[in-house]
Amino acid sequence: MAGEKAHHERCGGHGHAHTAHSDVAAMIDRARAFAAARKLPFTEMRARVLTVLAQEEKPLTAYELVDRLSVPKIVQAVQVYRALDFLQEAGCVHRLASKASYFACDHEHHPGEAVVFMVCSHCGTVQEAPSDLVAQGLQGAAEHAGFKPAHPIVELEGECARCSETKAA
């Protein structure tokens with residue numbers, strides 16, 4: 001819980017909302033540094049995919065990315081999937097399994113940190129919050145089953161504060 005409290009204090013006491021107001025340049029710098037540390041190229045396609053996702057207010061599927069990136073030149077889905085794989089490994093993009101969609105992440109996570117994605121079923125926005133308590137529960141369940149989790153992530157679908165306020169008004 002102490003780590004969770006410190007993280008929330010650093011981040012203004014709330015989860016991270018992923019909006020089009022993210023610092024795209026900082027995310028690209030982080031992805032570029034990840035590539036350089038592994039002696040990999042940081043391609044134009046990786047930069048374009050990250051930029052499109054960072055400018056969106058809600059997650060996009062790979063095929064929505066293909067459509068957006070295919071102007072003026074057609075982009076193949078395999079190019080987008082390769083870029084997404086790299087960007088996920090770099091920690092700059094997350095995948096929502098329930099929606100088979102992707103969104104940019106403008107902050108770094110600690111290794112093994114459990115993350116809760118809260119997906120609004122009305123507007124489609126995603127908020128994200130780390131949780132030590134969830135991490136402990138997932139680790140206990142995994143150990144009991146003899147399972148070794150790679151990415152401890154939980155997705156919650158519901159209603160964001162903005163949509164809840166709009167309904168109440």
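**Entry 1: helix α3**

I began with α3 and listed its buried residues: Met45, Arg46, Ala47, Val49, Leu50, Val52, Leu53 and Ala54. The model I am reading is a predicted one. I then asked what covers the buried residues of α3. The cover includes the helices α2, α4 and α5, together with β2 (93-96) and β3.

I checked the length of α3 as well. Its 12 residues, at 1.5 Å a residue, should span 16 Å, and the end C-alpha atoms are 16 Å apart, so the two values agree.

**Entry 2: α2 against α3**

I looked up how helix α2 (residues 24-37) meets helix α3 (residues 44-55): their axes come within 10 Å and cross at roughly 145 degrees. I noted the crossing of α2 and α3 as right-handed. On the α2 side the contact is made by Val24, Met27, Ile28 and Ala31; on the α3 side, by Ala47, Leu50, Thr51, Ala54 and Gln55. Sorted by class, the α2 contact with α3 comprises 7 nonpolar residues, 2 polar ones and no charged ones.

**Entry 3: the nonpolar cores**

I next went to the largest nonpolar core, which has 31 residues. Which residues have the most contacts inside it? They are Val49, Leu50, Leu53, Leu65, Leu84 and Leu87. At least two residues of this core are supplied by each of α2, α3, α4 (62-69), α5 (77-89) and β3. The largest share comes from α3, with 7 residues.

I picked leucine 87 from that group and listed what it touches, leaving out residues up to four places away in sequence: Ala31, Phe42, Arg46, Val49, Leu50, Cys92 and Val93. Apart from the largest core I found another, of 6 residues, including Phe103, Val115, Phe117 and Val126. As background, nonpolar side chains in soluble globular proteins tend to be buried together.

**Entry 4: phenylalanine 103**

I followed Phe103 out of the 6-residue core. Phenylalanine 103 is in strand β3 (residues 101-104). Is phenylalanine 103 buried or exposed? Its relative accessible area is 3%, and buried means under 20%, so phenylalanine 103 counts as buried. I also paired phenylalanine 103 with glutamate 56: the two are 47 residues apart in sequence, and their C-alpha atoms are 7.9 Å apart in space.

**Entry 5: backbone oddities**

I scanned the backbone with a general expectation in mind: most residues other than glycine have a negative phi, and most peptide bonds are trans.

The bond joining valine 71 and proline 72 is a cis peptide, with omega about 5 degrees. I placed proline 72 in the loop between α4 and α5.

Lysine 39, a residue other than glycine, has a positive phi, near 55 degrees. Lysine 39 sits in the loop between α2 and α3. Its relative accessibility is 77%, and exposed means over 50%, so I entered lysine 39 as exposed.

Alanine 100 also has a positive phi, near 45 degrees. I found alanine 100 in the loop between β2 and β3. With a relative accessible area of 37%, alanine 100 is partly exposed.

**Entry 6: the whole chain**

Last, I took the totals. The protein chain has 7 helices and 6 strands, and along the sequence they follow the pattern α-β-α-α-α-α-β-β-β-β-α-β-α. The chain has 169 residues, of which 40% count as buried. Taking contacts with a separation of 6 or more, I found that 58% join residues 24 or more positions apart.

Note on methods
Residues numbered from 1 in each chain as written. Predicted model: local features only at pLDDT ≥ 70, side-chain atom pairs only at ≥ 80, totals over all residues. Heavy atoms only, no water. Helix = DSSP H or I, 4+ residues; strand = E, 2+ residues; numbered from the N terminus. Buried < 20%, exposed > 50% of the residue type's maximum accessible area, 1.4 Å probe, protein only. Axes fitted to C-alpha atoms, helices over the stretch in contact; angles between N-to-C directions. Left-handed = near helix turned anticlockwise from the far one by under 90°. Contact = heavy atoms within 4.5 Å. Nonpolar A, V, L, I, M, F, W, Y, C, P; charged D, E, K, R; others polar. Core = buried A, V, L, I, M, F, W, Y, C linked by side-chain atoms within 4.5 Å. Expected span 1.5 Å × (residues − 1).
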